[in-house]
Amino acid sequence: MSPAKTTPPSGGFIPRDRDWQPDALTPGYKTSIKRSPQAALLSFPSSLSEETSPVFGHGLLGALDSDLIHNYAQPGESAIGPRIIVYGRVLDEMGRGVPGALLEFWQANAGGRYRHKKESYLAALDPNFGGCGRTITAEDGSYEFRTIQPGPYPWPNGMNDWRPAHIHFSVFGHGFAQRLITQMYFEGDPHIPLCPIVGILKSQDAVDALTAVLDMHRTVPMDSRAYKFDIVLRGRRQTYFENREDGM
Amino acid sequence: MVQKLDYLRESPSQTAGPYVHIGCTPNFTGIDLYGGDLGAVMKTGPVQGKEIVIRGIVFDGTGTPLRDAMIEIWQPDAAGLFASANETRGAADPNFTGWGRSPSDMTTGEFSFDTVKPGAVPWPDGRMQAPHITAWIVARGINIGLHTRIYFEDEAEANAADPILSRIEHQNRIQTLLAKREGDGVYRFDIHLQGPTETIFFDI
Ligand SMILES: [Fe+2]
């Protein structure tokens with residue numbers, strides 16, 4: 001990525017919309033009860049400490065980093081499960097593509113099992129599936145990776161709570177203030193309205209914003225279906241007077 | 001009907017869950033990929049300034065350490081310059097990334113950063129801020145990542161003049177933002193999610 005093209009405008013970040021974002025305390029998701037701050041957050045305008053962030057160059061990436069079907073598989077093998085392509089754009093609140101954004105993603109295998117020391121679900125591990133990948137967005141903010149569709153899995157919350165199939169995303173934009181972790185769900189999954197973690201979202205619009213849509217135009221015949229998932233990061237305020245020469 | 005503002009809404013946050021390490025520090029959880037975990041090393045060669053270690057534990061509202069959290073820090077170099085594409089004031093120390101990522105230990109819950117003491121950075125109005133490190137905490141049960149700042153107890157004069165610290169209403173809570181000196185170059189910064197010593201978290 002070329003720094004000259006990615007220097008954003010100079011204004012501070014637009015405050016995070018706390019009426020749209022989930023609250024810290026959401027009793028239906030039990031773990032939040034003892035892990036949610038109770039004092040008011042201290043609000044301040046962003047400064048250099050939040051308007052800067054590390055640069056992740058495309059040179060960081062290995063050839064298979066964005067191919068979860070193969071990045072952990074033995075030579076000649078591949079992960080088991082429905083083959084999918086996940087693609088989309090990382091945008092800011094003004095609708096501008098965010099180039100050079102680092103995306104890291106992780107997920108359960110097709111049986112709903114994670115490869116983790118503390119995971120105890122009885123579903124089988126897939127020896128050819130690690131469950132993580134990463135990529136960096138192109139100049140227009142676009143990204144794409146290949147994986148298998150994860151399975152739903154049970155988790156200890158209520159006596160019979162199941163997570164919808166989902167992929168976790170960690171997103172690094174151009175300012176530490178934009179730092180975001182979220183999850184992608186799949187259109188049509190009947191577990192979505194039942195899940196207490198989805199249930200912390202405050203509106204159907206917020207649920208829809210995290211639900212990827214099947215895209216038959218990007219689907220590769222006889223190979224992989226495609227799901228589109230756009231991600232929006234906080235934008236930076238811009239005024240005529242604040243614009244720099246290298247701004248937008 | 002009035003005109004519409006056609007802004008997009010930020011993607012809603014969701015918890016990092018119990019397996020954030022698979023995605024962000026896979027080698028830590030035994031998945032051997034990428035040739036190492038991002039953010040594990042902040043110094044890529046000899047660095048300028050005072051080298052320090054910051055250690056801490058994130059505690060929940062019952063006083064129990066979180067053993068599944070991930071903490072990231074972001075800071076300038078010893079001269080106050082960021083290794084960022086958005087840094088316009090000069091070139092930062094080429095051997096210092098400024099960014100660290102640490103999982104909390106699966107047994108003790110301790111996180112740790114091998115870094116340098118940050119230099120001071122100006123506030124938007126030009127006043128100098130006290131040396132500080134920006135920190136971000138995610139974990140199972142945390143619905144949206146928590147921002148806070150690590151200041152230093154041995155910077156009393158700079159802290160007293162800091163634009164943020166001096167405006168905090170409950171001055172008795174400032175202690176929660178101060179890294180405590182444990183030895184030469186070693187600081188402790190525990191994070192309390194709830195309770196009488198709840199850390200000040202920022203909406204910034
Ligand atoms: Fe999950």
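Tutor: A residue is called buried if 20 or more other C-beta atoms lie within 10 Å of its own, and with that cut-off in hand we can read the strands of this model, which is a predicted one.

Student: How many residues of strand E8 of chain A are buried?

Tutor: By that count of neighbours, seven of the seven residues in E8(A), which spans residues 166–172, are buried, and the strand is thus described as mostly covered.

Student: Which residues point one way from E8(A), and which the other way?

Tutor: One way point A:His166, A:His168, A:Ser170 and A:Phe172, while A:Ile167, A:Phe169 and A:Val171 point the other way, and the residues of both groups are buried.

Student: Which strands are joined to E8(A) by bridges?

Tutor: For pairing, one looks for at least two bridges between two strands. Strand E3 of chain A, residues 102–106, runs antiparallel to E8(A) and is joined to it by five bridges, with A:Phe105 having A:Phe169 as its bridge partner. Strand E9 of chain A, residues 180–186, is also antiparallel to E8(A), and six bridges join the two; here the bridge partner of A:Val171 is A:Leu180.

Student: What does UniProt list for residues 86–114 of chain A?

Tutor: A database label should be read together with its status, and in this case an unreviewed UniProt entry gives "domain: Intradiol ring-cleavage dioxygenases" for residues 86–114 of chain A. In the model, that stretch is 0% helix and 41% strand, and its end C-alpha atoms lie 19 Å apart.

Student: How many residues does each chain give to the contact between chain A and chain B?

Tutor: Chain A contributes 75 residues and chain B 63 residues. On the side of chain B that touches chain A, the elements giving two or more residues are helix H1 (20–24), strand E5 (133–138) and strand E10 (202–203) of chain B, and H1(B) supplies the largest share, four residues. By residue type, that side of chain B divides into 35 nonpolar, 21 polar and seven charged residues.

Student: In which sense do strand E1 of chain A and E10(B) pair?

Tutor: Strand pairing can be followed across chains in the way we followed it within chain A. Strand E1 of chain A, residues 42–43, pairs with E10(B) in the parallel sense over two bridges, and A:Ser43 has B:Asp203 in E10(B) as its bridge partner.

Student: What confidence values does the predictor give?

Tutor: Where pLDDT is low, predicted coordinates should not be read in detail. For chain B the mean pLDDT is 97, with 100% of its residues at 70 or more, and the complex receives an ipTM of 0.96 and a pTM of 0.95.

How values were computed
Residues are numbered from 1 along each chain as its sequence is written. Chains are lettered from A and ligands numbered from 1 in the order in which they are written. This is a predicted model: local features need pLDDT of at least 70, side-chain atom pairs count only at pLDDT 80 or more; totals for chains, interfaces and linings use all residues. Two residues are in contact if their C-beta atoms, placed from the backbone, lie within 7 Å. Ala, Val, Leu, Ile, Met, Phe, Trp, Tyr, Cys and Pro count as nonpolar, Asp, Glu, Lys and Arg as charged, and the others, Gly among them, as polar. UniProt positions are given in the numbering used here, feature names are shortened, and annotations may be inferred rather than shown by experiment. A residue is buried if 20 or more other C-beta atoms lie within 10 Å of its own, exposed if 12 or fewer, and partly exposed in between; C-beta atoms are placed from the backbone. pLDDT is the predictor's confidence in each residue, from 0 to 100.
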